[in-house]
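Visitor: Mind walking me through this one? I'd like to go site by site.
Guide: Sure, take a look.

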Amino acid sequence: MTAIVLLSLWSFNLTFSQKENRPRLVLLIVIDQFRYDYLTRFEPLFGNGGFRRLTRQGAYWTKANYPYIPTKTAPGHTAIATGAPPSVTGIAGNEWIDRESAKRITSIGDSAAKTLGGSSRDTASSPRRLEASTFGDELRIATNDRAKVIGISDKPRAAILPPGRRANAAYWLSSYAGDVISSNYYFERLPDWVVEFNQTHPLDKYFGARWDRLLPEAKYLKYAGPDAPEWENIGNAPGDTNRFPHTITGGATKPGAAYYDALDHSPFVNDVLISFAELAIEKEQLGADEITDVLTVSLSGNDHVGHRFGPDSQEVMDISLRVDQQIATLLDYVDGKIGLKNTLVIFSSDHGVAPLLDKSWALGVRPTRIANTTVMTAVHAAIAPRYQAAHANNSGSGPALDDYILQYGEGATKRDAIINGNVYFNLEALKRDRVSLDEVTRIAGEAVMKVPGIAQVFTRSQLERCRLACPTCDRSTSNSKGRRFGSLESQHSVSDACSGIDNEIGRRVLRGFSSNQSGDLIVVQKPNTYLGDSVDPANHGTPYSYDTHVPLIIMGRGFKPGRYHQVATPLDIAPTVSLYLGIRQPSKSQGRILREALDPAIKN
Ligand SMILES: [Zn+2]
């Protein structure tokens with residue numbers, strides 16, 4: 001009897017406590033391309049209201065790494081919101097090759113959707129490719145759609161993916177018309193308050209703006225080194241140089257696509273996003289009642305600036321100091337409007353960035369840029385002679401060159417299908433000539449391994465064999481102390497099937513490998529090496545810590561402030577927040593509950 005009474009009292013307390021802790025708003029702030037070390041490197045220069053408030057008042061994980069590749073924007077934002085890696089979310093990259101149409105697909109491109117606002121040149125977008133629920137989706141369902149869930153960013157993928165498929169709205173910026181746009185996926189027309197915001201031409205007021213250093217130059221020389229080293233190649237940025245001050249015009253005489261692109265590559269685009277986020281809170285009455293709402297804000301200026309100038313530039317230092325102020329502005333606004341005590345603030349980033357090649361030289365590493373054609377030349381050279389006879393017999397004409405690599409493109413231009421280090425083979429041609437995919441990818445892989453700068457290659461059959469033998473080998477779950485990234489070694493029975501994958505890079509590849517979307521040969525370069533044809537001086541996408549290590553901070557009632565040195569990943573955010581809100585876990589969540597920081601009343 002006593003036991004029953006105690007038990008029901010205990011349950012009552014638990015429910016009560018969860019209700020008390022339930023925030024009015026969950027505010028997810030993502031900075032696109034913000035490496036963990038920016039927080040520590042520039043810490044002495046931050047103000048008290050931005051990162052310092054988050055690191056001092058929040059639970060702050062020092063060892064949060066993405067456990068997969070490609071470390072790119074769409075998979076990163078998806079992982080934060082769904083708790084799942086690219087292998088299962090339907091979002092295997094920012095883009096991939098679709099075998100059926102032989103076209104490049106973007107993660108949010110949707111030809112069935114219509115853009116609301118903007119220009120006809122803005123790509124119609126929606127979350128239809130997302131195959132996992134987000135914590136926002138689950139909150140909508142749990143509240144019978146009374147919760148509001150809204151996403152905001154400069155980039156469509158960073159606006160659309162975090163709130164999820166059942167979101168009320170996602171808003172992003174038109175690259176051509178310079179206004180806030182959306183998709184008819186959410187509603188038939190833009191809300192009036194968005195139309196009114198656009199009538200103020202919110203982007204155009206920065207035309208000709210001067211971007212100069214926030215602090216005296218001496219600080220930048222101390223923390224970042226000299227301005228304008230030659231490797232800050234901005235040859236493709238009209239009207240700009242690689243030194244401060246930058247004048248934001250895009251080389252144009254009036255606002256237009258060139259100017260909006262220049263604005264994207266400046267800190268001012270984040271100011272527009274912050275103002276719009278504040279307006280969304282006010283107009284949509286986010287956090288105004290007892291029912292928890294979700295607002296996701298992804299600040300993209302940092303990614304554009306990082307690509308163009310590199311992580312060690314004065315420009316990245318400056319935009320990091322400015323984003324600290326922008327976040328302070330948003331947090332102050334939320335505090336005034338809703339109260340930070342009624343808000344759960346989550347801060348992270350979608351990926352880091354690799355050092356520019358000059359910094360690798362400084363480490364004594366010989367840095368390399370590997371063009372896609374270098375990889376493909378090695379592939380063709382290895383497979384053409386091996387299969388020439390089979391090819392000649394079956395294709396009729398007997399050309400010296402094979403057609404075993406999938407070709408993709410728009411219109412007349414066709415090229416070999418290689419993207420993010422994924423090489424796609426032409427399965428029909430292989431079938432025609434009775435060539436085994438396993439064999440041809442192995443032969444191609446051996447040849448690619450001889451290309452200087454390549455670290456490892458993985459074939460489709462190798463990855464699928466391992467996954468079949470060990471369905472949990474690419475799971476990210478584990479306890480906070482133990483092995484974090486699945487444990488291939490501990491599963492001796494599968495070691496044969498997983499041979500070659502039983503290392504950390506292999507596991508990261510496996511977690512990023514989607515049977516439908518990924519290629520047939522996955523090529524991973526060595527650290528400090530660039531693979532691909534991007535014109536950007538700096539890039540990201542690898543399994544190395546400079547791309548995987550990001551901040552992870554949760555600030556709000558129920559989370560004990562402090563530094564947590566347990567191993568974590570951004571995939572842990574969604575299941576933790578779901579538990580905290582008392583809602584169902586996102587459908588494909590593999591993250592762990594960050595119990596170490598949770599109030600005991602919540603985690604039990
Ligand atoms: Zn990027």
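Visitor: What spacing do the donors of the zinc ion follow along the chain?
Guide: The spacing is D-x3-H-x232-H. Donors here are N, O and S atoms within 2.8 Å of the metal (3.2 Å for Na, K and Ca), and water is not among the atoms, so sites may look incomplete. This is a predicted model, where local features need pLDDT of at least 70, side-chain atom pairs count only at pLDDT 80 or more, and totals for chains, interfaces and linings use all residues. Residues are numbered from 1 along each chain as its sequence is written, and side-chain values use heavy atoms, with hydrogens and water left out.

Visitor: Which atoms coordinate the zinc ion, and at what distances?
Guide: D303 gives OD twice, and H307 and H540 each give NE2, at 2.1 to 2.5 Å.

Visitor: And what's the geometry of the site?
Guide: Irregular, with angles of 54 to 158° among the four donor atoms. Four donors count as tetrahedral if all angles lie between 85 and 135 degrees; four count as square planar and six as octahedral if opposite donors are over 155 degrees apart and all others between 65 and 115; anything else is irregular.

Visitor: Where do H307 and H540 lie?
Guide: H307 is in helix 12 (residues 301-309), while H540 is in the loop between strand 20 (529-531) and helix 20 (545-548), so the pair ties together parts that are 233 residues apart in sequence. Helices (H or I, at least four residues) and strands (E, at least two) are DSSP runs, numbered from the N terminus.

Visitor: Are those two histidines buried or exposed?
Guide: H307 and H540 are both buried. Buried means under 20% relative accessible area, exposed over 50%, partly exposed in between (1.4 Å probe, protein chains only).

Visitor: Switching topic: how many residues of helix 4 are buried?
Guide: 10 of 10, across residues 73-82. Just after helix 4, G83 has a positive phi of about 75°.

Visitor: And which residues of helix 6 are buried?
Guide: F135, G136, D137, E138, L139 and R140; that's six of the eight residues in 135-142. Their cover includes helix 4, strand 1 (25-31), strand 11 (293-299) and helix 21 (573-581). N144, just after helix 6, also takes a positive phi, of about 55°.

Visitor: Strand 12 next. Why does S349 count as buried?
Guide: Because its relative accessibility is 0%. S349 sits in strand 12 (residues 343-349), and its side chain reaches the backbone nitrogen of F34 at 2.8 Å. That is a polar contact: a pair of N or O atoms within 3.5 Å, where within protein one must be able to donate a hydrogen and the other to accept it, and residues adjacent in sequence count only if both atoms are side-chain atoms.

Visitor: Which residues touch the most other members of the largest nonpolar core?
Guide: F51, Y171, L295 and I327, out of 139 residues. A nonpolar core is a set of buried Ala, Val, Leu, Ile, Met, Phe, Trp, Tyr and Cys residues joined through side-chain atoms within 4.5 Å. Helix 11 (residues 268-283) supplies the largest share, 10 residues.

Visitor: Where does this core lie?
Guide: Domain 1 (2-95 + 104-358 + 546-603) and domain 2 (369-451 + 454-525) both give residues to this core, so it lies between them. Those bounds come from an automatic or database domain assignment.

Definitions and conventions. Contact means heavy atoms within 4.5 Å.
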